[in-house]
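Let's walk through this structure together, one neighbourhood at a time. Please keep the sequence and the 3D view open as you read.

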Amino acid sequence: MSHLVFTETSGSGVHALACAKRAGHTVTYLYSPRYDFTAPPGRRALARRLADHTGEIHGERRAEDLVTAVRAAGARPGDVDAVLSTLAFGAPLASALADALGTRGTPVDGVAAARDKGRCRAMLREAGIPSLAFSVVRSEREALDAATDIGYPVIIKPALGVGKAATSIADGPAAVRGHFAGAAEELRTMPVGMSGHFDGRYLVEELAVGDLYSVEVASDGRSFVPLVSAARKTGVDNPVLELGCSVPSGLGPAEEDELGAYAARVCRVLGLSLGVFHVEVMHTENGFRLIEANPRMAGGSLPETINAVSRRDIFGLLVDLFLGHPAPAGPLTLDAAASHSLLAAASARTIRPDLPPHWFDAYLARVHSGWVRVAGGDRVDVMRGNFDTFGVIRTVAADAERAQACCAAVKGDVERELGVPLLAENTRTLIRR
């Protein structure tokens with residue numbers, strides 16, 4: 001049996017720890033209270049219960065501090081066979097620790113290239129991979145100049161941003177100025193675990209218009225395999241906000257192959273050569289264009305949506321890759337279609353006070369799975385980023401269209417019961433031709 005170290009985990013990523021334990025492996029879990037905001041307390045506690053050794057990370061960035069954390073957890077660094085993370089904030093820690101121990105992990109340079117959106121796009125340009133016009137800036141003045149050169153509308157996002165924080169679309173100079181004013185306030189109020197990753201640089205990029213997809217790409221260090229593609233649900237009024245996914249993607253076979261090949265090529269160029277990686281791609285009138293490449297597998301609800309219809313557990317596959325198993329020969333086999341929608345408020349409101357305590361139980365018979373974290377009288381804030389949701393519903397059907405329709409119907413009924421307007425989804429955007 002082997003010894004795996006997880007440097008942090010997403011809420012859904014706890015399943016990866018469970019897979020490792022079921023297979024009989026030793027698990028060390030390093031966590032930091034800085035990232036408690038990324039998952040419910042119960043999920044964070046479950047990860048600690050599953051692990052054989054647990055240790056707290058005190059905001060360390062140096063590799064030697066991480067090795068010390070492994071020892072403090074009661075584990076022996078020399079026994080570690082692989083280091084991984086399913087949380088964006090934990091990915092650089094995992095790669096640094098694996099490098100320091102001389103064991104399996106996603107390469108440090110690959111993680112750094114994917115996290116730095118400017119460096120990522122420069123590498124794609126050098127490799128001849130079609131991408132979007134961009135510029136990296138440090139000030140409002142530089143952003144205004146870059147937007148003029150690129151042409152409005154543009155999207156502005158932190159070069160090291162996560163979870164769509166401090167990201168906005170600008171259709172003119174006033175919106176650029178508004179972004180910097182709003183981003184400064186957002187940085188002051190966001191959790192330190194998130195704000196601590198910002199470095200003052202912003203990416204100003206051509207706004208991609210089209211249909212948004214994501215691809216999970218597996219790599220064993222030799223091959224890069226597109227496992228599964230998902231169609232992304234975005235906000236009708238704010239396409240920056242992601243509100244759910246459907247698998248399969250709904251694309252025809254030729255376009256599905258083209259999308260997968262594009263995402264795999266991105267991972268190869270960036271050096272993401274061990275793990276499962278989440279690549280978001282816009283299908284524009286000019287073809288597929290990268291939105292972001294993540295040096296870890298999908299977070300949130302997507303992995304469980306994939307598992308709802310896949311013959312192979314994607315969390316188990318991730319663990320196998322880090323233990324030296326080869327990547328699958330081809331995409332995952334799906335027996336049906338699945339769709340999930342996130343529940344998020346369109347404006348700050350108060351849930352109706354007379355909502356019954358177990359109101360969501362009535363919906364469980366209509367969905368494959370789901371959860372909520374609101375009760376009568378609770379105050380919900382408007383969604384600004386990926387961590388501002390308060391529930392999810394997931395449906396399974398024979399095809400993606402029916403799964404989406406069922407999901408939308410349940411979401412509509414939930415909205416009426418809560419008495420709070422939920423953010424509307426745009427499951428498809430007609431490509432402008």
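**A strand with two partners**

Strand β9 and strand β10 (residues 224-235) pair in the antiparallel sense over seven bridges. Two strands are said to pair if DSSP finds at least two bridges between them. Strands (E, at least two residues) and helices (H or I, at least four) are DSSP runs, numbered from the N terminus. Before going further, please note that this is a predicted model, in which local features need pLDDT of at least 70 and side-chain atom pairs count only at pLDDT 80 or more, while totals for chains, interfaces and linings use all residues. Residues are numbered from 1 along each chain as its sequence is written, and side-chain values use heavy atoms, with hydrogens and water left out.

Within the pairing of β9 with β10, Tyr213 has Ala231 of β10 as its bridge partner. Four residues lie between the two strands of this hairpin, where Gly221 adopts a positive phi near 100°. β9 is also joined to strand β12 (residues 275-284), by nine bridges, and these two strands run antiparallel. There, Asp211 finds its bridge partner in His283 of β12.

How covered is strand β9 (residues 211-219)? Nine of its nine residues are buried, meaning that each has under 20% relative accessible area (over 50% would be exposed, and partly exposed lies in between; 1.4 Å probe, protein chains only). In a regular strand the side chains alternate between the two faces of the sheet. In β9, one side carries Asp211, Tyr213, Val215, Val217 and Ser219, the other carries Leu212, Ser214, Glu216 and Ala218, and all of these are buried.

Next door, strand β10 contains Arg232. This arginine, Arg232, counts as buried because its relative accessibility is 9%. Its side chain reaches the side chain of Ser214 in a polar contact of 3.1 Å. A polar contact here is a pair of N or O atoms within 3.5 Å; within protein, one must be able to donate a hydrogen and the other to accept it, and residues adjacent in sequence count only if both atoms are side-chain atoms.

**Another buried arginine**

Now turn to Arg201, in the loop between α9 (192-195) and β8 (202-206). Arg201 has 15% relative accessibility and therefore counts as buried. The side chain of Arg201 makes polar contacts with the side chains of Asp116 (2.9 Å) and Asp199 (2.7 Å). Leaving aside residues up to four places away in sequence, Arg201 touches Asp116, Val136, Val137, Arg138, Pro158, Ala159 and Leu160, where contact means heavy atoms within 4.5 Å.

**Two helix pairs**

Two packed helices are described by the angle between their axes and the distance between the axes. Helix α1 (residues 14-22) and helix α2 (residues 41-50) pack at about 20°, with axes 9 Å apart; axes are lines fitted to C-alpha atoms, for helices over the stretch in contact, and angles run from 0 to 180 degrees between N-to-C directions. α1 and α2 are therefore roughly parallel. Val14, His15, Leu17, Ala18 and Lys21 of α1 make the contact with Arg43, Leu46, Ala47 and Leu50 of α2.

The axes of helix α4 (residues 91-101) and helix α5 (residues 108-115) come within 9 Å and cross at roughly 160°. That makes α4 roughly antiparallel to α5; the cut-offs are under 35 degrees for roughly parallel, over 145 for roughly antiparallel and 65 to 115 for roughly perpendicular, with the rest oblique. Here Ala91, Pro92, Ser95, Ala96 and Asp99 of α4 meet Val108, Val111 and Arg115 of α5.
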